[in-house]
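Me: I would like to learn how to read the features of a structure, one at a time. Please give the general idea and then the case at hand.

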Amino acid sequence: MIATQAKLVYQLNKYYNERCQTRKAAIAKTIREVCKVVSDVLKEVEVQEPRFISSLSEIEARYEGMEVIAPNEFEVVLYLNQMGVFNFVDDGSLPGCAVLKLSDGRKRSMSLWVEFITASGYLSARKIRSRFQTLVAQAVDKCSYRDVVKMVADTSEVKLRIRERYVVQITPAFKCTGIWPRSAAQWPLPHIPWPGPNRVAEVKAEGFNLLSKECYSLTGKQSSAESDAWVLQFSEAENRLLMAGCRKKCLSILKTLRDRHLELPGQPLNNYHMKTLLLYECEKHPRETDWDESCLGDRLNGILLQLISCLQCRRCPHYFLPNLDLFQGKPHSALEAAAKQTWRLAREILTNAKSLDKL
């Protein structure tokens with residue numbers, strides 16, 4: 001048994017050094033190319049409208065605010081200034097979302113975003129995005145990369161298609177630090193020792209983001225007042241939780257397997273599903289020794305089996321917001337196909353570690 005485990009860990013490390021590192025290098029190259037274009041577009045936007053300041057910056061060869069959705073799909077989070085005069089209201093009526101309400105009606109004129117405040121005093125995510133979309137469309141026509149970049153039509157999101165190969169969504173957002181959403185109040189679960197009080201305090205201090213984008217739970221209702229809501233996002237908190245042991249290596253392997261074998265019609269699975277299931281696996285195996293290199297095979301198998309279970313139940317709860325289902329709106333047939341394909345993958349890895357050479 002131990003020999004089989006050791007063989008699997010050896011093969012997984014080989015897979016990581018060959019396939020995963022190749023994927024990482026290719027994506028890093030794409031990101032540099034994409035960020036040049038996006039930075040140029042955002043520079044033009046800033047000239048027209050100084051309230052939208054580009055926060056895309058390179059820190060130690062990483063771009064802050066850049067999320068990789070898939071090897072040819074990215075999201076850039078554009079942090080906006082001065083949320084000051086608004087209260088954060090999160091009453092759970094919109095899973096995964098919250099609203100920003102004027103703390104005092106008399107402060108309306110003091111807000112930097114005065115024309116995007118609704119009659120009832122909410123800062124409208126949709127209105128800000130609509131204005132931003134207009135500015136980006138104008139900037140695309142003026143920027144020095146105008147021959148290789150164009151807006152993606154038929155969406156309320158701000159999306160660019162670059163060199164006909166890559167899609168980048170640019171999402172206006174507010175950073176919220178020092179508060180924690182009520183809808184995530186159940187975290188951490190009292191009976192689970194991971195991640196421990198110090199790390200919990202760090203994560204909560206890190207806070208979360210409020211994004212202006214279409215929300216899973218609001219599809220079909222976008223025309224109503226609810227479209228003023230902002231989407232909660234916890235990427236910095238999640239990254240902080242995955243720092244120790246072989247967690248990041250495990251995520252890298254999962255992403256590579258997804259890109260190569262689970263990119264299916266109907267797009268049932270993305271990298272965020274993999275990250276979410278990894279976080280749940282951390283709770284199931286709370287000791288740091290469970291994340292030694294020697295346990296890599298066990299952790300990976302656990303996550304793949306959990307993924308199959310989620311796909312079969314057609315439900316994948318968000319890690320911090322369990323009322324939000326990350327499979328909402330996905331076609332059942334696509335989830336079924338993904339379950340079968342994940343099972344084939346898991347069986348292959350479990351029964352024959354050397355099959356990783358071909359995967």
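Reply: Start with a single residue, N239, which is partly exposed because its relative accessible area is 31%. The terms are cut as follows: buried is under 20% relative accessible area, exposed is over 50%, and partly exposed lies in between, using a 1.4 Å probe and protein chains only. This is a predicted model, in which local features need pLDDT of at least 70 and side-chain atom pairs count only at pLDDT 80 or more, while totals for chains, interfaces and linings use all residues. Residues are numbered from 1 along each chain as its sequence is written, and side-chain values use heavy atoms, with hydrogens and water left out.

Me: In which helix is the place of N239?

Reply: N239 is in helix α4, residues 235-241. Helices (H or I, at least four residues) and strands (E, at least two) are DSSP runs, numbered from the N terminus. The C-alpha atoms of N239 and L279 are 9.9 Å apart in space, with the two positions 40 residues apart in sequence.

Me: Does N17 count as buried or exposed?

Reply: N17 counts as exposed because its relative accessibility is 51%. N17 belongs to helix α1. From N17 to P193 the separation is 176 residues in sequence and 32 Å in space, C-alpha to C-alpha.

Me: How many residues does the largest nonpolar core have?

Reply: In soluble globular proteins, nonpolar side chains tend to be buried together. A nonpolar core here is a set of buried Ala, Val, Leu, Ile, Met, Phe, Trp, Tyr and Cys residues joined through side-chain atoms within 4.5 Å. The largest one has 103 residues, and L123 and F320 have the most contacts inside it. Helix α1 (residues 2-48) gives the largest share of this core, 14 residues. Apart from it lies another core of 10 residues, including L94, C97, A173 and V231.

Me: What does F320 touch?

Reply: Contact means heavy atoms within 4.5 Å. Not counting residues up to four places away in sequence, F320 touches W180, S183, A184, Q186, W187, V203, F234, A237, E238 and L241.

Me: Which face of strand β5 is covered?

Reply: In a regular strand the side chains alternate between the two faces of the sheet. In β5 (residues 86-89), F86 and F88 form the covered face, and N87 and V89 the uncovered one. Two strands pair if DSSP finds at least two bridges between them. β5 pairs with strand β6 (residues 97-102) in the antiparallel sense over 4 bridges, and N87 stands opposite K101 of β6.

Me: How is strand β4 paired?

Reply: β4 and strand β3 (residues 66-70) are antiparallel, with 4 bridges, and a hairpin of 2 residues joins them. In that pairing E67 has E75 as its bridge partner. β4 runs parallel to strand β9 (residues 166-176), with 7 bridges; there E73 is partnered by V167. β4 covers residues 73-79, and 6 of its 7 residues are buried.

Me: At what angle do helices α6 and α7 pack?

Reply: Two packed helices are described by the angle between their axes and the distance between the axes. Axes are lines fitted to C-alpha atoms, for helices over the stretch in contact, and angles run from 0 to 180 degrees between N-to-C directions. Helix α6 (residues 271-284) packs on helix α7 (residues 296-313) at about 115°, with the axes 10 Å apart. Among the contacting residues are M274 and L277 of α6 and G302 and I303 of α7.
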